[in-house]
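Trainee: I'm new to this one. Could you take me through a close look at a single part, and then show me what else is worth finding?

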Amino acid sequence: MSRESSSVFKDQKHHAGVSLSTKDVDTGAQLVAGLTSTLHPDEALRIRRKIDRNIMPMMCGEIQFMDKITLGSAAILGIQYNWLGTAFYLGYILFEYPQNLALQRFPVGKWMSINIFVWAVVLACHAACKSFRGLLVVRLLLGACEGSITAGFLIVSSMFYTRTEQTLRVGYWFLMNGTAQIISGFISFGTLHINTEGFEPWQWLMIITGIITLILAISFWFLFPDSPTTAWFLTPDERAKAVQRIKENQTGVENKRFKKEQMIEALTDPKTWLFALFSALDNVPNSLTNQQTLIVASFGFSPLQTTLLSCVPGVVEILTIFTGVRLAVRRPNSRAYVGAAYFVPAWLGILLVNLLPWSNRVLCLYAHHSIAGVSVPGFVLSLSWLNSVTAGHTKKIVTNAIMLSAYCIGNSAGPFMWKTQYKPRNHVPWAVIGACYVTCPILLLVIRAVLVRENKIRDAEPVDDEAEYIIERITEDGKRVEVKVDKEFLDLTDRQNRDFRYVL
């Protein structure tokens, strides 16, 4: 392959006042610069399937979501957790921005592997904790490690997939949250039958999940790719085609240089904060993930029955996320509408859980499960949506950090709703959850209206297709050649690139 030398030239035509240098160019530019042929749809499909076979099993096999759920399962097995649940998200939010910077600076796959390894060790160390202080420390460390996973998956999804494909793939790996609930429920059920003197069932739960996570960390180190430009399972020709395939995203692959101007743009972009507000409010009710075992137990079920019933929300979440992302892809520009629609069953659930007699265990369980799982597609769609409407690698990592930090704020605040004085009916927490679930669909529709308006403004602007961008290459035989680079691989932000159109 040719390698890029130290200069990038732009003709004197004006282009949004953007000044470019070699470091500004996307890492995928050197693979596709000068290509004039069009990628055949059959070849693009073949490469996508090859990417799916090698990436999706890894992302879907990653059970990072189990960390949060093990704490909820451990609650029914004999561990107190309200502050511990919040500690996890405090560690997450404190390290979220540094983790995103590291994901830009270092190879994505390797950095995630290191975090998963540390995470596995810390998860197993829960079993050795003898005090609340020790548990608090390990929960903080777990949160710090998880800060790299969702952000890393979002970056990898944008590197390898088109914007439409991202909606499905983000949904597929996020629905493993539900799978983790099911796995955790069955492991918890099994640990209840382990009778070891001096070793509690919840300690066995932490050891077992720690071993599973350790195996995943080793797998990630050797098998998970850092970028389509270096993916081990693609040939050099396929790498170029994999990059060419995502040209329509107008977001490129990645850029290792942190750009202050893109950070400022991310902080001043209204849609960043609309998505962040949605993320915070949508995740206040996520405290149900940890609370659900105690709520189900309050219906009068035994610990064994409660442990098995805790698997049901996982099934609900898998089904709703799968159907939600499929609907969003089937109906173009419908992300906001589909996400908003999935909040409606949650409204019904909140009414039922507050108005039904507590003795009606079947309907109360239905109401609880509809609240806990049905509304999740809204958040999943918002993650892939934000990933698709943000261009510029530094801007993308900053917006991801803000979105996921807001997610942590919601999750940190949620556990403190569940106070003793509100039991057993918990009317106040349900009222707060209801308010969040009314506001969230409104926010999705507002975001859509803002993006529609921006697209109309851009459609009315004159098209500037005269500018050309050139990079200088040194070929394998030592010759210097100049080749054209498409605007899509200049690492421009969605504001700088006026040809960029926001998907809805």
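Mentor: Sure, and keep in mind that this is a predicted model. Let's start with salt bridges: the count comes to 21. One of them joins the side chains of Asp237 and Lys241, with 3.1 Å from N to O. Find that pair in helix α11, which covers residues 236–245; Asp237 and Lys241 sit 4 residues apart there, so about one helical turn separates them.

Now for two helices that meet. Two packed helices are described by the angle between their axes and the distance between the axes. Look at α7, residues 149–160, and α21, residues 393–413: their axes come within 10 Å and cross at roughly 145°. The crossing of α7 past α21 is right-handed. On the α7 side, the contact is made by Thr150, Ala151, Leu154, Ile155 and Ser158, while α21 brings His393, Lys396, Ile397, Asn400 and Leu404. Sorted by class, that contact has 5 nonpolar, 4 polar and 1 charged residues.

Finally, turn to the surface. There you'll find a nonpolar patch of about 940 Å². Its members are Ile114, Phe117, Val118, Val121, Leu214, Ile218, Trp221, Phe222, Leu223 and Trp232. Two helices, α5 (108–125) and α10 (201–223), each supply at least two residues of the patch. Ile114, for instance, is found in α5. The biggest share comes from α10, which gives 5 residues.

So which helix should you click on to see most of what the patch gets from one element? Pick α10, as it gives the most.

Methods: Residues are numbered from 1 along each chain as its sequence is written. This is a predicted model: local features need pLDDT of at least 70, side-chain atom pairs count only at pLDDT 80 or more; totals for chains, interfaces and linings use all residues. Side-chain values use heavy atoms; hydrogens and water are left out. Axes are lines fitted to C-alpha atoms, for helices over the stretch in contact, and angles run from 0 to 180 degrees between N-to-C directions. A crossing is left-handed if the near helix is turned anticlockwise from the far one by less than a right angle, and right-handed if clockwise. Contact means heavy atoms within 4.5 Å. Ala, Val, Leu, Ile, Met, Phe, Trp, Tyr, Cys and Pro count as nonpolar, Asp, Glu, Lys and Arg as charged, and the others, Gly among them, as polar. Patches are made of residues with over 30% relative accessible area and no salt bridge: like charges are joined within 9 Å, nonpolar side chains (Val, Leu, Ile, Met, Phe, Trp, Tyr) within 5 Å. Accessible areas come from the Shrake-Rupley method with a 1.4 Å probe; for residues, only the protein chains shown count as cover. A salt bridge is a side-chain nitrogen of Lys or Arg within 4 Å of a carboxyl oxygen of Asp or Glu.
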